[in-house]
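Visitor: I should like to understand how the terms applied to this structure are justified. May we take them one at a time?

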Amino acid sequence: MDDWHDNWYVDDRCTNCDVARQFAPELISEVGGRSEVVRQPRDEGEARRLHAAVFACPTRSIRPASGRPDRAFDPFPMALDDGVLICGHNSQHTAGANSYLLPRPSGTAMMVDTPRWSRELAGRYAASGPVTDVLLTHRDHAAHGRSYADHFGARLWIHEGDLDAAPDADQVIRGLEPVEIGPGVTAHPLPGHTLGSVLYLADDRYCFSGDSFYWSRALGDLAVAESVMWHSIEELAASLARVVGRLRCEWILPGHGDRCHLDADEMSRRLRALAERTRLLRPRPIDFTAVRW
């Protein structure tokens with residue numbers, strides 16, 4: 001990697017979605033309501049983190065002064081640990097949401113939410129094993145679900161509360177009770193952000209939380225996006241109170257907001273505390289600028 005010293009910048013297409021800052025927080029910060037490169041990479045490790053930001057950014061706004069980024073340095077899909085990968089290539093049609101690949105012991109994999117649609121990307125995501133299921137956490141992330149499911153020959157899952165966003169889903173989760181998606185993988189309906197929001201728990205290790213909650217770097221803790229609540233903050237509080245006692249995990253893997261990895265006992269404590277804090281919240285107007293990334 002010999003172009004790490006290039007003069008990188010963020011162009012005016014940036015939508016301040018926070019994706020790039022998650023991958024390279026020491027290099028890219030929020031300045032004046034948008035992302036900016038606040039420091040150039042100093043070594044190859046920083047350059048690799050910058051390229052992850054580059055190829056995750058939904059608007060392709062992070063660019064070198066010398067021209068386009070070199071696709072040879074695209075790291076995606078990228079392992080977060082030995083059991084889950086992040087897809088990168090976030091889509092403007094899902095508001096820049098993160099998506100994930102969950103390999104299974106059978107040699108297959110599941111996709112949780114979707115990156116931007118591309119046959120070339122789909123080939124990459126299936127390279128290590130057939131993708132059997134595309135799990136949608138809620139309506140906001142449904143845009144490319146059918147395209148990926150059809151390409152993989154996979155089942156497409158969504159909750160009935162958001163079914164109008166994916167009316168041709170193959171599997172519809174109903175009600176509020178947990179549903180087994182496959183060995184070690186359970187869907188937990190979690191209405192609040194939307195009526196049909198779901199989180200997926202895998203192997204008592206990974207919690208794919210959609211837009212229901214996330215890790216806030218600003219707060220140093222789990223948070224809910226209380227200012228972007230399309231359905232009901234009170235119902236989200238009730239959902240969390242119902243579900244947190246059933247969750248055992250080490251990773252929180254959201255659609256929007258940062259990821260976190262903690263000891264399972266510490267994660268349980270923080271989830272219970274999040275449920276208590278959310279119980280005290282009240283409805284407020286939609287305001288994307290108020291989200292505490």
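Visitor: Where is the place of Thr 194?

Guide: In this predicted model, Thr 194 is found in the loop between β13 (185-189) and β14 (198-202).

Visitor: What makes Thr 194 count as buried?

Guide: The relative accessible area of Thr 194 is 2%. Buried means under 20%, and therefore Thr 194 is classed as buried.

Visitor: How do you know that a polar contact joins the side chains of Thr 194 and Asp 162?

Guide: The contact joining these two side chains is 2.7 Å. The cut-off for a pair of N or O atoms is within 3.5 Å, so the value for Thr 194 and Asp 162 satisfies the distance criterion.

Visitor: Which residues does Thr 194 touch, not counting those up to four places away in sequence?

Guide: Thr 194 touches His 138, Arg 139, Asp 140, Asp 162, Trp 230 and His 231.

Visitor: Which residues of helix α4 are buried, and why are they said to line one face of the helix?

Guide: In α4 (residues 145-152), the buried residues are Gly 145, Arg 146, Tyr 148, Ala 149 and Phe 152. Seen down the axis of α4, they fall within an arc of 165 degrees, so they line one face of the helix. These buried residues pack against β8 (109-112), α3 (119-125), β9 (131-135) and β10 (155-159). Just after α4, Gly 153 has a positive phi of about 70 degrees.

Visitor: What is the volume of the largest cavity, and how does its lining divide by class?

Guide: The largest cavity holds about 70 Å³ of space. Its lining divides into 6 nonpolar, 5 polar and 1 charged. Among the lining residues are Val 10, Cys 14, Asp 18 and Ile 62. Asp counts as charged, so Asp 18 belongs to that class.

Visitor: What is the volume of the largest pocket, as opposed to a cavity?

Guide: The largest pocket has a volume of about 450 Å³. Of its 21 lining residues, the closest to its centre are Cys 17, Ala 95, His 256, Phe 288 and Trp 293. A pocket is an open set of points, whereas from a cavity the probe cannot get out.

Visitor: Which element gives the most to the lining of the second largest pocket?

Guide: That element is α3, with 3 residues. The pocket has a volume of about 260 Å³, and its lining has 5 nonpolar, 3 polar and 8 charged residues. Arg 60, Arg 68 and Arg 71 are among the residues closest to its centre; Arg counts as charged, and therefore these three belong to the charged class.

How values were computed. Residues are numbered from 1 along each chain as its sequence is written. This is a predicted model: local features need pLDDT of at least 70, side-chain atom pairs count only at pLDDT 80 or more; totals for chains, interfaces and linings use all residues. Side-chain values use heavy atoms; hydrogens and water are left out. Helices (H or I, at least four residues) and strands (E, at least two) are DSSP runs, numbered from the N terminus. Buried means under 20% relative accessible area, exposed over 50%, partly exposed in between (1.4 Å probe, protein chains only). A polar contact is a pair of N or O atoms within 3.5 Å; within protein, one must be able to donate a hydrogen and the other to accept it, and residues adjacent in sequence count only if both atoms are side-chain atoms. Contact means heavy atoms within 4.5 Å. The arc is that of the directions from the helix axis to the C-beta atoms. On a 1 Å grid over the protein atoms alone, a cavity is a set of points where a 1.4 Å probe fits but cannot get out, and a pocket is an open set with protein on both sides within 12 Å along at least five of seven lines; lining residues have an atom within 4 Å of a point. Grid points are joined across faces, edges and corners, and a volume is the space filled by probe spheres set on the points.
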